[in-house]
Amino acid sequence: MKNFVFYNHTKILFGKDQITAISDEIPEDSKILMIYGGGSIKENGVYNQVIDAISGFEYYEFGGIEPNPSYEKCMKALEVIDEYDIDFLLAVGGGSVVDATKFIAAAAFFEGEDPWDILSRNEEVVEAMPLGVVLTLPATGSEMNGNSVISRVEYKEKLAFTSLEVMPLFSVLDPQVVESLPKRQISNGVVDAFVHVIEQYLTYPVNAKVQDRMAEGIMLTLIEEGPKVLADPTDYDSASNYMWSATMALNYLIGSGVPQDWSTHNIGHEITALYGVDHAQTLAIVLPGTMKVMQESKKDKIIQYAQRVWGINKGTESEIIDAAIKKTVEFFEMMGIKTRLRDYNIPVTVADEVADRMEQRGDVNIGENKLVGTDEIRKILESRY
Ligand code: NZQ
Ligand code: ZN
């Protein structure tokens with residue numbers, strides 16, 4: 001196991017009707033800006049619950065955050081913050097709203113020229129406005145990590161930053177929000193969480209038994225509960241297991257002390273930036289290619305994954321690897337997500353396009369061994385047509 005510092009200061013309020021408790025978590029006398037998306041919270045009752053809970057505070061609203069939140073929209077929120085002297089942000093929504101709120105929190109205190117530099121030049125986030133979260137879509141883990149992914153429409157760029165400064169103070173996880181989710185978002189959420197585990201697990205062995213078995217436990221839970229939630233989003237127990245899996249998949253727990261990959265995510269972000277495909281859909285397309293093309297360096301862990309997650313014990317090494325890839329694809333398809341570029345009408349030329357963009361930006365030689373270079377990116381995508 002590698003050396004690590006484990007740190008996570010987000011307080012989780014999990015369970016039915018926990019939104020009512022947020023007034024105790026927000027610092028007294030805060031001037032709150034409540035940030036939300038396209039309006040789903042007004043249809044499923046979450047908006048009213050939040051308004052009731054914060055009615056004792058001075059608060060303002062900022063809606064309209066898009067899926068794959070844009071830099072352009074976030075910059076508009078800064079004007080509201082200035083106008084009303086806001087000092088606390090409350091994100092109410094899915095990963096996009098939470099990510100946007102984190103970027104706004106960092107941008108509000110940014111001393112440099114353009115907050116975009118936090119993303120494009122890795123400018124350090126020295127301080128950020130405190131924020132809380134009411135999560136409405138289990139998927140990204142953004143409710144318990146310091147990551148944020150923002151798109152700049154003007155440049156067709158989708159970039160990420162990470163800072164402990166933007167860790168939420170608290171996050172409400174009420175599994176009842178799953179009831180109103182469209183099937184497509186449940187499919188996306190389960191697959192995104194699954195691939196988060198894979199990015200921190202399918203690398204090379206470092207004898208980190210606790211992390212490995214926790215990772216396998218999360219994957220087995222998603223495989224068992226994902227289809228149940230898809231069939232019946234009102235099944236509270238399954239929704240609870242799905243929601244907690246998604247949070248545990250990306251809150252530093254299983255990633256501490258182990259190598260991490262993230263090349264599937266990096267390649268996927270390019271596909272979203274260029275073709276507007278949902279985040280999880282890009283992962284379902286790319287991951288089987290990453291497993292296939294990078295199998296030599298991932299061999300030991302793919303075989304462990306095959307045995308412990310899918311119960312595949314027979315065959316040569318290469319047969320076991322192929323069977324593990326097949327099972328993974330079948331799981332994504334069963335969750336309702338297609339896994340080929342052509343399923344989304346994306347031309348095979350995307351392979352060159354993405355490889356060139358990533359090379360130009362210097363985002364190559366990625367993955368746990370820095371072995372995913374321009375050629376590998378191209379091969380991964382070509383294998384997914
Ligand atoms: O905007 P509203 O009206 O709220 O509708 C949303 C949106 O259209 C809807 N929705 C959310 N909760 C709902 C609901 N509809 C009905 N009932 C509910 N309870 O779902 C749609 C998608 O929402 P979005 O927030 O975009 O989805 P998700 O949570 O999957 O977030 C995706 C974004 O997170 C980034 C992705 O790149 C993408 O931009 N990621 C963030 C990560 C992180 N911060 O750690 C890691 C991930 O790998 C990922 O990259
Ligand atoms: Zn993801």
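Start by selecting strands β6 (147-152) and β7 (residues 157-162), which run antiparallel and are joined by 6 bridges. Keep in mind as you look around that this is a predicted model.

Stay on this pair for a moment and pick out S151 in β6. Its bridge partner in β7 is K158. Now follow the chain through the hairpin: 4 residues sit between the two strands, and K156 takes a positive phi near 55°. Is β6 mostly covered or mostly open? Show the surface and you will find that 5 of its 6 residues are buried.

**Next stop: ligand 1**

Select ligand 1 together with the residues around it. How many residues surround the ligand? There are 32, and the closest are G38, G95, S96, D99 and K158. You have already met K158, as the bridge partner of S151.

Zoom in on the oxygen atoms of ligand 1 and visit three contacts:

- S40: a polar atom of its side chain lies 2.8 Å from an oxygen atom of ligand 1.
- G95: here a polar backbone atom is the partner, 2.7 Å from an oxygen atom of the ligand.
- S96: an N or O atom in its side chain is 2.5 Å from a ligand oxygen atom.

How much of ligand 1 does the protein bury? Taken alone, the ligand exposes 970 Å², and 89% of that is buried by the protein.

**Widen the view: the shell**

Colour the shell around ligand 1 by residue kind, and you will see 9 nonpolar, 20 polar and 3 charged residues. Then colour by secondary structure. At least two shell residues come from each of α4 (95-108), β6 (147-152), α6 (183-201) and α9 (263-275), so β6, where the tour began, appears here too. Colouring by domain shows one more thing: domain 1 (11-176) and domain 2 (183-382) each give at least three residues to this shell.

**Last stops: two loop residues**

Go to D17, in the loop between β1 (11-14) and β2 (31-36). D17 is not a glycine, yet its phi is positive, about 60°. Is the residue buried, partly exposed or exposed? D17 is partly exposed, with a relative accessible area of 42%.

Finish at N207, which you will find in the loop between α6 and α7 (209-231). N207 also has a positive phi, near 55°, in a residue other than glycine. With a relative accessible area of 58%, N207 is exposed.

Technical notes: Residues numbered from 1 in each chain as written. Chains lettered and ligands numbered in written order. Predicted model: local features only at pLDDT ≥ 70, side-chain atom pairs only at ≥ 80, totals over all residues. Heavy atoms only, no water. Near = heavy atom within 4 Å. Polar contact = N/O pair within 3.5 Å; in protein donor to acceptor, adjacent residues only side chain to side chain. Areas by Shrake-Rupley, 256 points an atom, 1.4 Å probe, with all protein chains shown as cover. Nonpolar A, V, L, I, M, F, W, Y, C, P; charged D, E, K, R; others polar. Domains from an automatic or database assignment. Buried < 20%, exposed > 50% of the residue type's maximum accessible area, 1.4 Å probe, protein only. Pairing = 2+ DSSP bridges.
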